[in-house]
Structures are given as structure tokens and as C-alpha cells.
Amino acid sequence: ARILVAAGAKEVHSSHTVMKPFVVPSRKEDVEPALNDWLARLTKLGIQSNTVALGSAHQMSTCRMASSSKMGALRPTGETWEVPGLFVADCSAFPTASGVNPMWSCAALAEHVSEEILDYLNQTPTLAEPLLV
């Protein structure tokens with residue numbers, strides 16, 4: 001909320017179904033105390049059943065990208081930790097579900113991974129046949 005207000009937001013909404021949005025006061029000196037009060041009330045609410053609206057119609061983060069194989073299935077390049085040369089370039093590589101429509105994030109991820117695939121192909125003089133298990 002603080003970042004949104006600092007960036008110029010006029011309102012900040014929570015996913016809480018019982019919490020009214022924070023409307024940024026017009027007087028600059030009123031913003032910080034009002035925001036602190038709103039955040040305190042939000043914190044006090046916590047997360048209880050049927051009070052927070054979260055959901056996703058997009059399947060994300062089922063093959064997450066991470067900095068180690070213990071944290072995810074994919075390297076930051078989009079290549080799997082276990083199968084060299086196997087890349088994933090869709091929303092399943094997200095580290096977590098975004099909670100919003102992932103179209104642009106997915107497109108950016110796909111572009112990033114495609115560049116990594118090109119680098120991989122340029123650095124791999126001969127491609128190996130896939131292993132049949």
C-alpha cells in the first residue's frame with residue numbers, strides 16, 4: 001500500500017471483502033496517519049474464511065523457477081534442473097501465482113526464456129538425442 005501511495009495512487013484496495021479501500025487524503029500531511037490507520041485495521045482483520053477474495057483461473061507456478069533445485073523445478077533461465085536442454089516458457093514457471101491476469105508477465109517470461117534457449121543452442125555445438133526412459 002505504501003508503494004502504491006508513493007507512486008501516486010488515489011485509492012488502494014485490499015482483497016478483503018469486508019475492508020473499504022484506502023482513499024488517499026487530499027492534504028499531504030494527512031496521508032501518513034490515515035494510511036497507518038488503514039494498514040493497522042487491515043492487519044487486525046487478518047485472514048479468515050470467506051473474508052479475502054483470492055483466486056486464479058490461470059494455472060501458474062506448477063513448475064516454478066527458482067535459484068536452486070530445492071526451491072523449484074526450473075533454473076532462472078527456464079531450463080529444468082534435472083533435464084538439460086528442456087525449457088519451460090509459460091505461466092507454470094512463475095515462482096508463485098500472480099493473483100491477476102498473467103498475460104504480460106507470461107509474455108515477458110516467454111521472451112526471457114526464448115533468449116536463454118537461443119544462448120543454449122548457440123553454446124551447444126551438437127544436440128543430443130533425448131534419452132528414452
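**Close-ups of a predicted chain**

**View 1. The whole chain, end to end.** Starting at the N terminus, the elements of the chain come in the order α-β-β-α-α, which makes 3 helices and 2 strands. Keep in mind that this is a predicted model. The radius of gyration of the chain is 21 Å, while a compact globule of 133 residues would sit near 14 Å. Along its principal axes, the C-alpha trace spans about 65 × 35 × 25 Å. Just 23% of the 133 residues count as buried.

**View 2. The largest nonpolar core.** This core has 11 residues, among them M60, F87, V88 and the two cysteines C91 and C106. M65 is also a member, along with L74, A93, F94, L109 and V113. Setting aside neighbours within four places in sequence, M65 is in contact with all five of those, plus R75, P76, T77, G78 and P95. Elsewhere there's a second, separate core of 9 residues, including V5, F22, V31 and L42.

**View 3. C91 and C106, a pair without a bond.** Why is there no disulfide between C91 and C106? The sulfur of C91 has its closest cysteine sulfur in C106, but at 3.1 Å that is too far for a bond, because a disulfide needs the two sulfur atoms within 2.5 Å. The disulfide count is therefore 0. Both cysteines are tucked away: C91 counts as buried at 11% relative accessibility, and C106 counts as buried at 18%.

**View 4. The surface.** The accessible surface of the chain comes to about 9800 Å², and carbon and sulfur atoms account for 59% of that.

Definitions and conventions:
Residues are numbered from 1 along each chain as its sequence is written. This is a predicted model: local features need pLDDT of at least 70, side-chain atom pairs count only at pLDDT 80 or more; totals for chains, interfaces and linings use all residues. Side-chain values use heavy atoms; hydrogens and water are left out. Buried means under 20% relative accessible area, exposed over 50%, partly exposed in between (1.4 Å probe, protein chains only). A nonpolar core is a set of buried Ala, Val, Leu, Ile, Met, Phe, Trp, Tyr and Cys residues joined through side-chain atoms within 4.5 Å. Contact means heavy atoms within 4.5 Å. Helices (H or I, at least four residues) and strands (E, at least two) are DSSP runs, numbered from the N terminus. The radius of gyration is taken over C-alpha atoms; the globule rule is 2.2 Å times the number of residues to the power 0.38. Accessible areas come from the Shrake-Rupley method with a 1.4 Å probe; for residues, only the protein chains shown count as cover.
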